[in-house]
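Reader: I would like a close look at a single part of this structure, the surroundings of ligand 1. Please take me through what lies around the ligand and how the strands there are arranged.

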Amino acid sequence: MTVNTIESEIEVPVIDISGYLQNDKTQTKDIVAAVRSACKYPGFFQITGHSVSADLRAQTLQSLQDFFGLPQDVKMQVHRTKSECFTGYEIVGEQKVGTGGDQKEGFMIGPEPFPGTSLEVANQWPEESVCPGLKGTFMQYYNEVRQLSKYMFRLLALSLDLEETYFDKFVASRDYQAMSMCKAHRYPPTTKEMADKTRGIGAHTDWGALTLLLQDEVGGLEVYYEPKDKWYPVKYVPDAYVVNIGDMMERWTNNRYKSTRHRVNSPVSGNYRYSIGLFNEGLLDQMLECIPTCLAEGEEPLHKPIKVETHLRACYEATY
Ligand SMILES: O=C(O)CCC(=O)C(=O)O
Ligand SMILES: [Fe+2]
């Protein structure tokens with residue numbers, strides 16, 4: 001197992017998880033220790049040696065480029081407001097995570113069938129003839145990254161001295177009932193002057209428990225380092241997923257694991273930037289309360305128990 005550290009004041013370690021996936025007990029111990037340390041601080045790390053093939057990643061990015069390249073009126077036919085689950089397309093500036101509208105377009109899908117709805121399928125897709133292969137490729141990608149999430153949650157469980165399958169219910173129970181949303185972004189290029197005034201996505205923490213993000217080589221993702229009030233890049237590492245702790249996991253662990261603020265700067269390179277996030281948001285009716293191993297004797301939980309649905313509704317309402 002290798003743990004490489006990217007040089008900067010904030011260390012976003014790169015952890016090769018292949019030993020864990022191959023069931024190597026000795027390597028797993030080191031991987032778990034590296035994951036534990038990264039989750040405590042800075043709440044961000046990158047993983048290599050995972051199970052999602054380079055071909056699938058490339059094909060998915062290509063299909064999404066094709067989708068975002070469609071005429072605006074075609075994309076608007078699958079606009080998010082047409083779905084009761086808010087899946088589908090969103091225009092530049094529609095989401096306001098920071099101040100002002102975020103300078104990115106989005107396309108979000110969820111599980112099929114979708115939890116909490118009578119609809120068989122809540123995802124919205126353009127006609128196959130309009131964007132051939134998008135649905136098949138993006139759904140395959142979704143399913144494979146979701147499977148990878150399950151293993152990441154197992155590593156997290158081990159890192160918290162819990163049963164390895166502790167989070168299985170949250171991440172993958174009742175087949176596809178857990179809310180894992182996959183959202184692709186396209187960030188339009190901007191000028192240097194404008195890049196100081198606007199953001200691809202404003203400073204925020206993620207709402208779910210754990211995010212797995214694929215970013216392309218354009219770069220722009222930054223994490224906040226509070227002691228110095230500074231932002232540091234999460235550099236592009238070929239083949240890696242960026243993994244970060246979200247608000248739910250911070251609550252769950254009584255703030256032992258950190259949901260760190262991050263943002264994306266718009267590209268000034270002249271190229272669009274693409275990324276795909278898988279947000280693990282759990283079962284809507286599940287209660288989030290302090291995990292027993294995260295409470296020392298005499299320590300009080302910092303957060304009141306909250307239902308996943310209540311937490312998520314508040315987050316969506318605050319930013320759209
Ligand atoms: O595009 C990225 O690199 C990050 C996007 C992000 O932070 C988010 O969607 O929550
Ligand atoms: Fe985020």
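Author: What follows goes from the residues around the ligand to the strands that carry them. The model is a predicted one. Ligand 1 has around it H185, Y187, I201, H204, D206, L213, L221, H262, V264, R273, S275 and F279. By type, this shell splits into 6 nonpolar, 4 polar and 2 charged residues.

Some of these residues place polar side-chain atoms by the ligand. For R273, such an atom is 2.9 Å from an oxygen atom of ligand 1. In H204, a side-chain N or O atom is 3.0 Å from a ligand oxygen, and for H262 the distance from a polar side-chain atom to an oxygen of the ligand is 3.1 Å. On its own, ligand 1 has 300 Å² of accessible area, and the protein covers 94% of that.

Four elements each give two or more residues to the shell: β6 (180-187), β7, β12 and β13 (273-280). Of these, β13 supplies the largest share, with 3 residues.

Two of the elements, β7 and β12, also belong to an open sheet of 4 strands, ordered β7-β12-β9-β10 and paired antiparallel. At its edges are β7 (201-204) and β10 (230-233), each of which pairs on one side only. On average, neighbouring strands in this sheet are turned by 25° against each other, direction ignored.

Inside the sheet, β9 (residues 221-225) and β12 (residues 262-264) run antiparallel and are joined by 3 bridges. L221 has V264 in β12 as its bridge partner, and both L221 and V264 are among the residues around ligand 1.

Note on methods
Residues are numbered from 1 along each chain as its sequence is written. Chains are lettered from A and ligands numbered from 1 in the order in which they are written. This is a predicted model: local features need pLDDT of at least 70, side-chain atom pairs count only at pLDDT 80 or more; totals for chains, interfaces and linings use all residues. Side-chain values use heavy atoms; hydrogens and water are left out. Two strands pair if DSSP finds at least two bridges between them. Axes are lines fitted to C-alpha atoms, for helices over the stretch in contact, and angles run from 0 to 180 degrees between N-to-C directions. A residue is near a molecule or strand if one of its heavy atoms lies within 4 Å of it. A polar contact is a pair of N or O atoms within 3.5 Å; within protein, one must be able to donate a hydrogen and the other to accept it, and residues adjacent in sequence count only if both atoms are side-chain atoms. Accessible areas come from the Shrake-Rupley method with a 1.4 Å probe; for residues, only the protein chains shown count as cover. Ala, Val, Leu, Ile, Met, Phe, Trp, Tyr, Cys and Pro count as nonpolar, Asp, Glu, Lys and Arg as charged, and the others, Gly among them, as polar.
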